[in-house]
Amino acid sequence: MATIFLSLIALLQATAATPVILAARQSTCQDVHFFIARGSTEPYPGRQEVIVIAVCEGLSSCGYEDIIYPATFEDYCNSAFAGVSNGTAQITAYAERCPDAKLVLTGYSQGGHVVGDILGGGGGAFQDCTQPTNTPLSPETSPGNKIVAAIFFGDVRHTASQSYNVGTGAAGNGIWPRSGSALESLNRFTESLHSWCLVDDPVCAGGSDPNAHTSYFEVYTSDAAEWVKNKL
């Protein structure tokens, strides 16, 4: 597993997406607004930008902002916790400013960890560090009740056999699967969740092919965009 993990780090660094401007952080309220939690080592906004483009096509008021966090392998716990803290604050601020907006969260790899902890709570031991706990959003109150969809790709905290799991790796566990209250809290959002995982992905399913981890947006962009559109 260590060799596979190191190979994955190298692959992510070598294939990181080139940043493209997509009307990010617009000052006016949008009908549909994405929050992107990028994968480890990706520049903003990362591979998930193609999902936003596909969903926003044909919509008159749609855009995104990046969840601001380091997305590093080094000092992993502080990196993920920064994403959870900043993401929660950004989502809360946007919902207060734009109460009629439909919010969509998307997280890839470490970004899946971030989005999942925003919704389900987090904390605990990861790698050689301990991540602080956080209070998750509630689907009953704002801003949680403004979230119409939350999608995951190659989530490091992917948990086997959840009803919202999609793809050949649906029955697999990630590097740090959820359990207990963190899983119970996340599952309050079940109707708004979809988590894509490929069986060969070492990050979300314990597979042995690092290339599987970087292939989601060649394989699932159309399916993911269609699913999100149906939730709007």
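Q: Which word describes how α3 and α4 lie to each other?
A: Let's start with the general idea, remembering that this is a predicted model. Two packed helices are described by the angle between their axes and the distance between those axes. Here helix α3 (residues 76-97) packs with helix α4 (residues 110-120) at an angle of about 50°, and their axes are 9 Å apart. An angle of 35 to 65 degrees is neither roughly parallel nor roughly perpendicular, so α3 and α4 are oblique.

Q: What is the handedness of the crossing of α3 and α4?
A: The angle of about 50° between α3 and α4 still leaves the sense of the turn to be named. For α3 and α4, the crossing is right-handed.

Q: How many nonpolar residues are in the contact of α3 with α4?
A: From α3, the contact is made by Y76, S79, A80, G83, V84, G87, T88 and I91. From α4 come Q110, H113, V114, D117 and I118. Sorted by class, one residue is charged and six are polar, while the number of nonpolar ones is six.

Q: Is I91 buried or exposed?
A: I91 lies in helix α3, and this residue is part of the contact with α4. Its relative accessible area is 0%, and buried means under 20%, so I91 is buried.

Q: What separates the C-alpha atoms of I91 and K146?
A: Leaving aside neighbours within four places in sequence, I91 is in contact with F35, L103, L105, I118, L137 and P143. I91 and K146 are 55 residues apart along the chain. Their C-alpha atoms, however, are separated by 9.4 Å.

Q: On which side or sides of α2 do its buried residues lie?
A: In helix α2 (residues 49-56), the buried residues are E49, I51, V52, V55 and C56. They cover an arc of only 160° around the axis, which means they all lie on the same side.

Q: Which elements do the buried residues of α2 pack against?
A: Helix α2 has five residues named as buried, E49, I51, V52, V55 and C56. Their packing partners include strands and helices: β1 (32-37), β2 (62-66), β6 (147-153), α7 (216-219) and α8 (221-231).

Q: Which residues of α8 are exposed on its other side?
A: In α8, the buried residues are T221, A224, A225, W227 and V228. They cover an arc of only 160° around the axis, which puts them on the same side of α8. These buried residues pack against β1, α2, β3 (102-108), β6, β8 (193-196) and α7. On the other side of α8, the exposed residues are S222, E226 and N230.

Q: Which proline follows Y44 through a cis peptide bond?
A: Most peptide bonds are trans, so a cis one is worth a look. The residue in question is in the loop between β1 and α2. With omega near -5°, the bond from Y44 is cis, and it leads to P45.

Q: What is omega near for the cis peptide bond from S142 to P143?
A: P143 is found in the loop between β5 (129-131) and β6, and P143 is also one of the contacts of I91. The bond from S142 to P143 is cis, with omega near 5°.

Q: Does T41 count as buried, partly exposed or exposed?
A: T41 is found in the loop between β1 and α2. Its phi is near 70°, a positive value in a residue other than glycine. The relative accessibility of T41 is 28%, and the range from 20% to 50% lies between buried and exposed, so T41 counts as partly exposed.

Q: What is the relative accessibility at which S161 counts as exposed?
A: S161 lies in the loop between β6 and β7 (165-166). Although S161 is not a glycine, its phi is positive, about 65°. Exposed means over 50%, and S161 counts as exposed because its relative accessibility is 58%.

Q: What part of the 232 residues of the chain counts as buried?
A: The chain has eight helices and eight strands. Of the contacts with a separation of 6 or more, 74% come from residues 24 or more positions apart. Among the 232 residues, the share that counts as buried is 54%.

Methods. Residues numbered from 1 in each chain as written. Predicted model: local features only at pLDDT ≥ 70, side-chain atom pairs only at ≥ 80, totals over all residues. Heavy atoms only, no water. Buried < 20%, exposed > 50% of the residue type's maximum accessible area, 1.4 Å probe, protein only. Helix = DSSP H or I, 4+ residues; strand = E, 2+ residues; numbered from the N terminus. Arc of directions from axis to C-beta. Contact = heavy atoms within 4.5 Å. Axes fitted to C-alpha atoms, helices over the stretch in contact; angles between N-to-C directions. Parallel < 35°, antiparallel > 145°, perpendicular 65-115°, else oblique. Left-handed = near helix turned anticlockwise from the far one by under 90°. Nonpolar A, V, L, I, M, F, W, Y, C, P; charged D, E, K, R; others polar.
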